[in-house]
Amino acid sequence: ETLKTLWRHPQYHAMIKLGLYFVFVAIVLIIIQVQNVINEQRMQQLPKKTALQLFSEYQEYTYTITITETSNTVTTRTIQGRKDRDKETLTVDQDPTIYTIRNQEYFVMNDQGEQKITSTLAYDVVKFTPAMLYDLIGKGTVVASTNYTSGMTETTYEVPGDEFLASLMSDFPKMTGNIMVKVQMQGQEIGNIIIDGSNYRKRIDPNIINSTITITIKPITEKSI
């Protein structure tokens, strides 16, 4: 009865409405705060992605691939590349020629316009994407792990040769033996990925004694543009 009486009074009516409004706002703020706490707890319970998983998701990045081979002599080829969402380019050694990559095929501009070419590199380097490397490593078995005083860690994986070939080509011959893959990390950042491709290269050229691919991939950020 008292509330009814106050509600009919214009002054108290306004005060009651204002009070109800504040109560409503307080309830909404409490609900939002509780929901934020619940969401935060859920996020904490989700498994965190590993450095390699984050690495595999790179869509835009720069890379350096060094191929070193020993036969009668030692040869080294260095490839510098950049992969944007809609364009990939690379250069080889000190040659200023810029190669454009589309659908994992190589193109170069010359007097006749853009021409498709066949790579003369020992490996089809554009196949070595973060996703491909992550998948390749996932098919391997850890055989060694080393911690250095510098804080760098190095994990060595033994990968079946057939899995390595399957990553490079759709139609491949049977390959016995394994490929060794080393992953170097500094903290949670992937450094060099080093692949011993000697077993693969010896099948193509018996004069090859050893063949090593060193790959460094860095994501493109606003600061690095």
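In these legends, contact, or touching, means heavy atoms within 4.5 Å. The views show a predicted model, in which local features need pLDDT of at least 70 and side-chain atom pairs count only at pLDDT 80 or more, while totals for chains, interfaces and linings use all residues. Residues are numbered from 1 along each chain as its sequence is written, and side-chain values use heavy atoms, with hydrogens and water left out.

**Figure 1. Overview of the chain, with its six helices and eleven strands.** Helices (DSSP runs of H or I, at least four residues) and strands (runs of E, at least two) are numbered from the N terminus. Of the 225 residues, 29% count as buried; buried denotes under 20% relative accessible area, exposed over 50%, and partly exposed the range in between (1.4 Å probe, protein chains only). The chain presents an accessible surface of about 14800 Å², calculated by the Shrake-Rupley method with a 1.4 Å probe. Carbon and sulfur atoms contribute 54% of that surface. Among contacts with a separation of 6 or more, 46% join residues 24 or more positions apart.

**Figure 2. Surroundings of R201 in helix 6.** Helix 6 spans residues 198-204 and includes R201. The relative accessible area of R201 is 11%, so this arginine counts as buried. Apart from neighbours within four places in sequence, R201 is in contact with E69, A122, Y123, I208 and S211. S211 is also one of the residues touched by I195, which appears in the next view.

**Figure 3. I195 in the largest nonpolar core.** Such a core is a set of buried Ala, Val, Leu, Ile, Met, Phe, Trp, Tyr and Cys residues joined through side-chain atoms within 4.5 Å. The largest one holds 40 residues, of which L90, F128 and I195 touch the most other members. When residues up to four places away in sequence are not counted, the contacts of I195 are F128, L133, L136, F164, I179, M180, V181, S211, T212, I213 and I215.

**Figure 4. K127 and its polar partners.** K127 is placed in the loop between strand 6 (113-117) and helix 4 (130-138). This lysine is classed as buried because its relative accessible area is 17%. A polar atom of its side chain lies 2.6 Å from the backbone oxygen of L168. K127 also forms a salt bridge (a side-chain nitrogen of Lys or Arg within 4 Å of a carboxyl oxygen of Asp or Glu) with D124, the closest N and O atoms being 3.4 Å apart. D124 is partly exposed, at 24% relative accessibility. Elsewhere, D135, K139 and E163 are joined into one network by salt bridges that share partners. Leaving out residues up to four places away in sequence, K127 touches Q104, M132, S167, L168 and M169.

**Figure 5. Salt bridge between R77 and D93.** Side chains of opposite charge can pair when their charged atoms come close. In this pair the N to O distance is 2.7 Å. R77 belongs to strand 2 (residues 74-83) and D93 to the loop between strand 3 (88-92) and strand 4 (99-102), so the bridge ties together parts 16 residues apart in sequence. Both partners are partly exposed: R77 has 31% relative accessibility, and D93 has 33%.

**Figure 6. Salt bridge between K116 and E105.** The closest N and O atoms of this pair are 2.9 Å apart. K116 lies in strand 6 and E105 in strand 5 (residues 105-110), and the pair links distant parts of the chain, eleven residues apart. K116 is exposed, with a relative accessible area of 52%, whereas E105 is partly exposed at 31%. The structure holds eleven salt bridges.

**Figure 7. Positive phi at D93 and N103.** Most residues other than glycine have a negative phi. D93, in the loop between strand 3 and strand 4, has a positive phi near 55 degrees. For N103, in the loop between strand 4 and strand 5, phi is positive and near 50 degrees. N103 counts as exposed because its relative accessibility is 75%.

**Figure 8. Nonpolar surface patch of F24, V28, L29 and I32.** Patches are made of residues with over 30% relative accessible area and no salt bridge, like charges being joined within 9 Å and nonpolar side chains (Val, Leu, Ile, Met, Phe, Trp, Tyr) within 5 Å. Together the four residues offer about 380 Å² of accessible area. I32 is placed in helix 2 (residues 10-45) and is partly exposed, with a relative accessible area of 45%.

Key. A polar contact is a pair of N or O atoms within 3.5 Å; within protein, one must be able to donate a hydrogen and the other to accept it, and residues adjacent in sequence count only if both atoms are side-chain atoms.
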